[in-house]
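Here are a few exercises to work through with the structure on your screen. Try each task before you read its solution.

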Amino acid sequence: MPKRPNGPNIIICGTPGTGKTTHAELLASQTSLTHLNLGTLVKDHKLYESYSPEWDSYIVDEDKLLDHLEPLIPTGGLILDWHTCDIFPKSWIDLVVVLRTDNTMLWDRLEGRGYNVEKIQENNEAEIMQVVLDEAREAYDGEIVVELRSESAEDIQGNVERIEQWMEAWKEMEHQSEDEEENVDEDSD
Ligand SMILES: Nc1ncnc2c1ncn2[C@@H]1O[C@H](COP(=O)(O)OP(=O)(O)OP(=O)(O)O)[C@@H](O)[C@H]1O
Ligand SMILES: [Mg+2]
């Protein structure tokens, strides 16, 4: 049995506005992976503790979110589209993509969404301080964390192609480890 029959579980994370959903949608349209926008999932399934009017966002109940996702993890093939990445058990995740955007560009994107200045500033500082990247590196093994620039349409296309190439290599590795397991089983017979 392959470890995850539907493919790897990939997190696409990054500061708000870096392009997670845009990347996840394109990747899902070009592969058999399923895009899970966790912000939408939290709202739809009420996986939150409360709503913060100050931040115009929901305070997520992480236990509820993890309980909701747990049954989906073993079959794999998921793109988890979420601003942060360090709440998931290491064993769930095969690749962590952290999107990065120049802060002036990010400011304009967030302004274009009508965010208030405090919210733009907070997010912009988080991007400058590479908060999400540091979280990712702390929570997962360095070799599965990839930092990708998201500043142009070409970046999106190129990044998605890179992820697809990584998926091919991942599948190859999975097949090899399955073959090795079978050989061990035969040897022990
Ligand atoms: N690489 C890019 N080049 C140009 N524009 C981009 C790029 N990535 C995203 N955008 C634009 O920036 C805006 C935000 O993108 P998107 O909604 O994908 O970000 P997000 O990271 O999912 O944000 P959130 O955290 O709020 O869900 C969109 O208008 C999108 O078209
Ligand atoms: Mg999004």
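**Exercise 1.** Why does D108 count as partly exposed?

*Solution.* First, some housekeeping: this is a predicted model, where local features need pLDDT of at least 70, side-chain atom pairs count only at pLDDT 80 or more, and totals for chains, interfaces and linings use all residues. Residues are numbered from 1 along each chain as its sequence is written, while chains are lettered from A and ligands numbered from 1 in the order in which they are written.

Now find D108 in helix α4, residues 103–112 (helices are DSSP runs of H or I with at least four residues, strands are runs of E with at least two, and both are numbered from the N terminus). Next, count neighbours: D108 has 13 C-beta neighbours inside 10 Å, so D108 counts as partly exposed. The scale goes like this: buried if 20 or more other C-beta atoms, placed from the backbone, lie within 10 Å of a residue's own, exposed if 12 or fewer, and partly exposed in between.

**Exercise 2.** Work out which side of helix α6 is buried.

*Solution.* Start with the buried residues of α6 (131–139): V132, L133 and A136. They cover an arc of only 100° around the axis, so they sit on the same side of α6 (the arc is that of the directions from the helix axis to the C-beta atoms). Then turn to the face pointing away from that side, and you'll meet the exposed residues D134 and E138. Finally, see what covers the buried residues: the cover includes β1 (10–13), β6 (95–100) and β7 (145–149).

**Exercise 3.** Place strand β6 among its partners.

*Solution.* Take β1 and β6 to begin with: they run parallel and are joined by four bridges (strands pair if DSSP finds at least two bridges between them). Here I12 stands opposite V97 of β6. Move on to β7, which runs parallel to β6 and is joined to it by five bridges; R100 stands opposite R149 in β7. Last, check burial: five of the six residues of β6 are buried, so this strand is largely enclosed by the rest of the structure.

**Exercise 4.** Which residues come nearest to ligand 1?

*Solution.* Of the 17 residues around the ligand, the nearest are P16, G19, K20, T21 and T22 (a residue is near if its C-beta atom, placed from the backbone, lies within 6 Å). Two elements, α1 (20–30) and α7 (153–188), give two or more residues to this shell.

Methods: Contact = placed C-beta atoms within 7 Å.
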